[in-house]
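Subject: Structure for your review

Dear colleague,

Please find below the structure that I would like to hand over to you. My notes on what was found in it follow.

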Amino acid sequence: MSGGRIYDGFVPGRYPIDAYGNGGFRFADMSHRGSILILPSGIKAWPVSSVAEITAETLAPVFAEAEEIEFFLLGTGVDVAAIPERLRLNFREHRIGLDVMQSGAAARTYNILLAEGRKVAAALIAVP
């Protein structure tokens, strides 16, 4: 991928994901290598490269914006993977619906929900 990068790890605004693969994502006329966290406030670099790294701490920005999120899509890479029950409980406590799927499916679903004007957020682990 070529083009711009996420400067200072954050791009404000809501953008659809234009492409994914090759270890990154394209959105807002730029590309980013690595995983991303898509929040109501913008898209940021997410320092997670495997499901094992998904913790309450790496998801803290999501819960900080919980009032603006109805649905959260967790893209776990190439394969769908289970996340610990304690993390699922965090989403329930914040009244955020959670759906776990492959990163490609999560990116496509995010785009659909964003186009519908839904209060959606996502975390997408980059895939090769």
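Phe25 stands opposite His32 in strand S4. Please keep in mind that this is a predicted model, and that the values in this message are computed from it.

The strands around this pair

Strand S3 covers residues 24–27, and it pairs with S4 in the antiparallel sense over four bridges. Another pair of bridge partners consists of Gly24 and Arg33, the latter in S4. Together with S2, these strands form an open sheet of three strands in the order S2-S3-S4, with antiparallel pairing. Which strands stand at the edges of this sheet? They are S2 (19–21) and S4 (30–33); each has a single partner strand, so one side of each is left without a neighbour in the sheet. On average, and with direction ignored, neighbouring strands here are turned by 10 degrees against each other.

His32, which lies in strand S4, deserves a second look. Is this residue buried or exposed? Its relative accessibility is 11%, and a residue under 20% counts as buried, so His32 is buried. The side chain of His32 also reaches the backbone oxygen of Ser35 at 3.4 Å.

Two loops with a positive phi

Most residues other than glycine have a negative phi. Two residues in the loops of this sheet are therefore worth noting against that general rule. Asn22, placed in the loop between S2 and S3, has a phi near 55 degrees. Asn22 is exposed, with a relative accessible area of 55%. Ala28 lies in the loop between S3 and S4, a hairpin with two residues between the strands. The phi of Ala28 is near 50 degrees, again a positive value in a residue other than glycine. With a relative accessible area of 22%, Ala28 is partly exposed.

Helix H3 and its surroundings

Helix H3 runs over residues 103–115 and has 13 residues. From its first C-alpha to its last it reaches 18 Å, close to the 18 Å expected at 1.5 Å a residue. Its buried residues are Ser103, Gly104, Ala105, Ala106, Ala107, Tyr110, Leu113 and Leu114. What covers these buried residues? The cover includes strands S2, S5, S7, S8 (97–101) and S9. Just after H3, Gly117 takes a positive phi of about 80 degrees.

Two of the covering strands, S7 and S8, pair with each other in the parallel sense over five bridges. In that pairing, Gly75 has Met101 in S8 as its bridge partner. S7 is itself mostly covered, as four of its five residues are buried.

The nonpolar cores

The largest nonpolar core has 20 residues, of which Trp46, Ile54, Leu59, Val62, Phe72, Leu74 and Ile96 touch the most other members. Two or more residues each come from strand S5 (36–39), helix H1 (60–64), strand S7 (71–75), helix H2 (85–93) and strand S9 (120–124). Leu59 shows how such contacts look for one residue: leaving aside residues up to four places away in sequence, Leu59 touches Trp46, Ile54, Phe72, Leu87 and Phe91.

Apart from this core lies another, of 19 residues. Among its members are Phe25, Ala107, Leu114 and Val120. Phe25 thus brings us back to the pair named at the start, where it stands opposite His32.

With kind regards

Technical notes
Residues are numbered from 1 along each chain as its sequence is written. This is a predicted model: local features need pLDDT of at least 70, side-chain atom pairs count only at pLDDT 80 or more; totals for chains, interfaces and linings use all residues. Side-chain values use heavy atoms; hydrogens and water are left out. A nonpolar core is a set of buried Ala, Val, Leu, Ile, Met, Phe, Trp, Tyr and Cys residues joined through side-chain atoms within 4.5 Å. Buried means under 20% relative accessible area, exposed over 50%, partly exposed in between (1.4 Å probe, protein chains only). Contact means heavy atoms within 4.5 Å. Two strands pair if DSSP finds at least two bridges between them. Axes are lines fitted to C-alpha atoms, for helices over the stretch in contact, and angles run from 0 to 180 degrees between N-to-C directions. A polar contact is a pair of N or O atoms within 3.5 Å; within protein, one must be able to donate a hydrogen and the other to accept it, and residues adjacent in sequence count only if both atoms are side-chain atoms. The expected span of a helix is 1.5 Å times one less than its number of residues.
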